[in-house]
Amino acid sequence: MNRLWWALGALVALLVLNVVVTPSFFSIRMQDGHLYGSVIDILKNGAPTLLIALGMTLVIATRGIDLSVGAVVAIAAAVTCEYIATSSDPGSASTALVGMAISLGLCLVLGLWNGFLVAVLRIQPIVATLVLMTAGRGIAMLVTDGQIITVNNETYRSVGAGFVLLPLAILISVAVLALVAVATRKTALGLLIEAVGVNPEASRLAGVQSRTIIWTVYVFAALCAGVAGLMISSNVSAADANNAGLWIEMDAILAVVIGGTSLAGGRYSLTGTLLGALVIQTLTTTVYTAGIAPEITLVFKAVVVVVVILFQSPKVQALFRRRPKRPVAEVLKPQEVAS
Amino acid sequence: MTEPVVDMRGISVEFPGVKALQGVDFRLFPGEVHALMGENGAGKSTLIKALTGVHKPTGLIRLRGEEVSFHGPGQAQDAGISTVYQEVNLCGNLTVAENILLGREPRRFGRIDGRATRRRAAELLERMGLAIDPGSVLADHPIAVQQLVAIARAVAVECQVLILDEPTSSLDAGEVAELFRIMRVLRDEGVAILFVSHFLEQVYEISDRMTVLRNGRLVGEYRTAELSRLDLVSAMLGRELSVLEELEQQTHPVDERAVLLRATGLGRKGAVEPFDLEVRAGEVVGLAGLLGSGRTELARLLFGADKADSGTLEFDGKPLHLRGPRQAISAGIGFCSEDRKAEGLVADLSVRDNLVLALQASRGWTRPLSKRTKDELVEKYVAMLDIRPATPDTPIRNLSGGNQQKVLLARWLVTKPKLLVLDEPTRGIDVGAKAQIQKLVAELAAEGVAVVFISAELEEVVRVSDRVVVLRDRRKVAELRGTDVDEVMAHIAGGRAAA
Ligand SMILES: Nc1ncnc2c1ncn2[C@@H]1O[C@H](COP(=O)(O)OP(=O)(O)OP(=O)(O)O)[C@@H](O)[C@H]1O
Ligand SMILES: [Mg+2]
């Protein structure tokens, strides 16, 4: 709980900073039945990070980590765009739907692969997912032949750029957030994931199907990355195998950590991850609107992240909590040795 | 009288919602073995941690007359206080030798000298009379050996104060005797030793004085020779103990009951040789044997915690192929591991979650237990086993060792098993609660539950069991009915004394 406050504090601080720099920061206008405004932009641009961070949260809760999500983003983008671009009817809705389905199906397979390496072969997660992290972009390059593929398909475009009052991307990510929350709280999944993350051996002996659970979270993470990939590429109607989802795994991991979920696994917080993702995206946006050079963006991000994480560390928190010692003289009393 | 080496005055430690210690005074003199006594949750471990800087107490601590306040166990160690905590905290993935000398390895050209480390550790282990390979990986050893290694580590350094928090909780009589020999040597050299144990015999054998705590408060400081057991127990509990009346030896007429579990030629290379075993419904079968005799290994095979590589199992009249614990659980078998920390506790989760974990896992994640059901179960078992504090939302890591053990026991009781395999279920449990648990085992058996019961304490095994299976050198060597401690001892020792 305590940790959530730090994430919330960071977010509020960033928002205040924005209002100071741009007084119209919170204003939202309505145009053609769509809502526009800086806050909405932040939410929209942060949607892919939030999605991936949700998957990452569950993976991290089981003591794992998934470095391959960025590569999966690129693959999802490449496969969908390649399918649409080379199909006989590149503008139709059905082409887009089939393309997206194929691409998500592939992501599912990629998730199964990661899960297989971690849950069955028991390779350390960081190593296991490194395989796909490096190979994945190569696969995406192969699919696109190293080119940036552009598509012109209204249905596809709507995933990342469409509106239903709010940008569709926001609605999708919020829907997934709600889905995960329900799936973990209303079933026993949350408890079992945490148990596996805190003590895998004790969980095994208590009969928890840790293998299935670990497998499930990697598949879910890959699917989240797939959907994020569709959002990112459809927003620009193009697939760039080199840059789509580049470093997004880092943003996602940071979002999870800022949200107070420990990389050591165990207890996790979806609310925390939501806050963390918002902090990361607000930060990125702030840097742009404040006119800070993009080269410095990363440094700036790093500073904020370091500060938040420092404040969350037990040592620093202990400093804040240390109370002055009570005088002890009056509690002294004579020793009595019973005999 | 000489000056106390440790003098603690008015020590209080408070956790959110729990006053673990309130104004406790404690003195430890050079050249004495001092027993710290009290029920589970009385505050013994907390007092130790307050001294070694794990917790920040209020109050005054003097070490050799000087006021000190440690900011962590490392500083206490440097000041000459060597501690073995209740939960073994060593590095499982390092070797025994590395664990013993961790942080003070012999160096050569600035680098750790592996060979010298092993040699030094081997010398130490030999001096303690322990036959443990210093090059072996610590986690591969049973908890008792890990405990011995932790003790070896503590006595490897020169210290004026040695603190042992329940060092004997999973040791056999032989190791205990060896430990006491070392403790006496150190005591005679002037080391002050603080000793915690729930075994009254041990306390009376080794200690010179004792301090009794109850509910976080000091009851008194006594000379062991001047305090009778009955007075000690009532000092600890604050009342007379009625449950302590010896449980009568249990022998129910179980022969006519159906055979619940039948193992034929079950075995696993390097763990336990193929054995035959029958357990009937409502029967308590005790497993006795020295440390490393294969008693834990045998128990693990019955539950599928380890996979058998030979033999067959039959349960409830049907063949049972165990690929892991899940099949065992769904067949109706429960298993409480001896290694509470590594194989039992899910430390960060609440008492409630820990208590329902096995039941929930067997239902699968799609069929969650309702909040109401959970609360009812928790309430029932917390009351039944007298788990304290009775706050289901507390993370289990914050409970005292004995109370953690009770929660783990409850974890299996809620699954309503047909067969319960209990490996050292009374480890770290106080006198009163131990009698309670033994009674519970008898009640379960009366309800028709079969129990396989392991304990390092022979008296306990003999008392609760209808039948005792003796293991020696990883082999089942005898099966005794209506037996006594001497007979079991004779078989354990190798049949020399038996005839
Ligand atoms: N970190 C903690 N946070 C909250 N409460 C704690 C913590 N550590 C101990 N306690 C509480 O303090 C009390 C004393 O615990 P302690 O571990 O000192 O008992 P103990 O005498 O060592 O018992 P046992 O014989 O079971 O080991 C218990 O009520 C326990 O629940
Ligand atoms: Mg204790």
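## Close-up views of a predicted model

**View 1. Strands β1 and β2 of chain A run antiparallel.** In this predicted model, β1 (residues 28-31) and β2 (residues 34-37) of chain A pair in the antiparallel sense, and four bridges link them. To follow the pairing by eye, start at Met30(A): its partner across the way is Leu35(A) in β2(A).

**View 2. A hairpin joins the two strands of chain A.** Let us move to the turn. How many residues lie between β1(A) and β2(A) in the hairpin? There are two residues between the strands, and Asp32(A), which sits in the turn, has a positive phi of about 50°.

**View 3. Ligand 1 is surrounded by residues of chain B.** Here we meet the ligand. There are 20 residues around ligand 1, and those that come nearest are Gly41(B), Ser45(B), Thr46(B), Ser400(B) and Gly402(B). In chain B, β2 (18-28), α1 (44-51) and α14 (401-413) each give at least two residues to this shell. Which element supplies the largest share? That is α1(B), with three residues. Sorted by character, the shell holds six nonpolar, 11 polar and three charged residues.

**View 4. Oxygen atoms of ligand 1 meet polar atoms of chain B.** Look for the backbone of Gly41(B): one of its polar atoms is 2.8 Å from an oxygen atom of the ligand. A polar backbone atom of Ala42(B) is 3.2 Å from a ligand oxygen. With Glu166(B), the side chain takes part instead: an N or O atom there lies 3.5 Å from an oxygen of ligand 1. On its own, ligand 1 has 640 Å² of accessible area, and the protein covers 89% of that.

Technical notes
Residues numbered from 1 in each chain as written. Chains lettered and ligands numbered in written order. Predicted model: local features only at pLDDT ≥ 70, side-chain atom pairs only at ≥ 80, totals over all residues. Heavy atoms only, no water. Pairing = 2+ DSSP bridges. Near = heavy atom within 4 Å. Polar contact = N/O pair within 3.5 Å; in protein donor to acceptor, adjacent residues only side chain to side chain. Areas by Shrake-Rupley, 256 points an atom, 1.4 Å probe, with all protein chains shown as cover. Nonpolar A, V, L, I, M, F, W, Y, C, P; charged D, E, K, R; others polar.
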